[in-house]
Amino acid sequence: AAAKKIYDRLVDLTPEDPQVYMLRGYIYDNEMDYDNALDDYTRAIELGVQDPWLFNARGWVYTNLGDYATAVADHESAIELDPENADYYNNAAYSIAQGDGDLEKAMGYVEQALVLLPGAESKRDTQGYIYYKMGENETALEIFSALLEEGEYTYAYYGRGLVYQALGETENAIGDFQAFLDAHPEVPESDDARQRIEDIGG
């Protein structure tokens, strides 16, 4: 809160400085105040910033607000500005899959991310999610289970829970969603995990 007050003051003092909007937007983003984050990121872009980090960050905000097509466009802008960054390909892939877009295109993006950053857990997690969205549940299950067996990538509990739910393995689904919530009680997917537990009957 103290940091945001400083940036509020800086916006008043230097309303044409895009860096101030970027930094305040980042604070809003971390607080999951996505509407205000979107306003500040957009203002920074309007003021002429062509920074791949900024387009990527705004893309995530659009994803969290459910505007997947615009999110993908922002992630693709980030890719154009920095085509060697695996995160930007991964995030474009995830936003496409979230919005039920072209899943083959999404898979192509995540495969490129894994070329740039082989074995990266978050990229494999996205790959598993795309396989789930494609209905290839056994392949998705293998990926999520491997991530959980190899280490502490607890985000994979959410993906594996989705797969177990799709396969009708309700006890396993509830267990994984709860494990995900234990590790990540306040992230964008948390409310969905809670709702799925309730819907399943947990």
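## An exposed glutamate and its patch

E104 is exposed, with a relative accessible area of 59%. Worth saying up front: this is a predicted model. Along the chain, E104 sits in helix 7, which runs over residues 103-116.

E104 also belongs to a negative surface patch, and its partners there are D102, E111 and E136. Patch members need over 30% relative accessible area, so E104, at 59%, clears that bar.

## Two loop residues with positive phi

Now for the backbone. Most residues other than glycine have a negative phi. M32 goes the other way: its phi is positive, about 60°, although it is not a glycine. You'll find M32 in the loop between helix 2 (18-30) and helix 3 (34-46). Its relative accessible area is 36%, so M32 counts as partly exposed.

D100 is another non-glycine residue with a positive phi, in this case about 55°. It lies in the loop that links helix 6 (86-98) to helix 7. D100 counts as exposed because its relative accessibility is 58%, and the cut-off for that label is over 50%.

## D192 in helix 12

What does D192 touch, leaving out residues up to four places away in sequence? The contacts are Y158 and L162. D192 itself is part of helix 12, residues 190-200, and with a relative accessible area of 27% it is partly exposed.

If you want a distance to check in your viewer, try D192 and Y62: their C-alpha atoms are separated by 17 Å, and the two residues are 130 residues apart along the chain.

Notes
Residues numbered from 1 in each chain as written. Predicted model: local features only at pLDDT ≥ 70, side-chain atom pairs only at ≥ 80, totals over all residues. Heavy atoms only, no water. Patch = residues over 30% accessible without salt bridge, like charges linked within 9 Å, V, L, I, M, F, W, Y side chains within 5 Å. Areas by Shrake-Rupley, 256 points an atom, 1.4 Å probe, with all protein chains shown as cover. Salt bridge = Lys/Arg side-chain N within 4 Å of Asp/Glu carboxyl O. Lys, Arg positive; Asp, Glu negative; His and termini not counted. Charge placed at Lys NZ, Arg CZ, Asp CG, Glu CD. Helix = DSSP H or I, 4+ residues; strand = E, 2+ residues; numbered from the N terminus. Buried < 20%, exposed > 50% of the residue type's maximum accessible area, 1.4 Å probe, protein only. Contact = heavy atoms within 4.5 Å.
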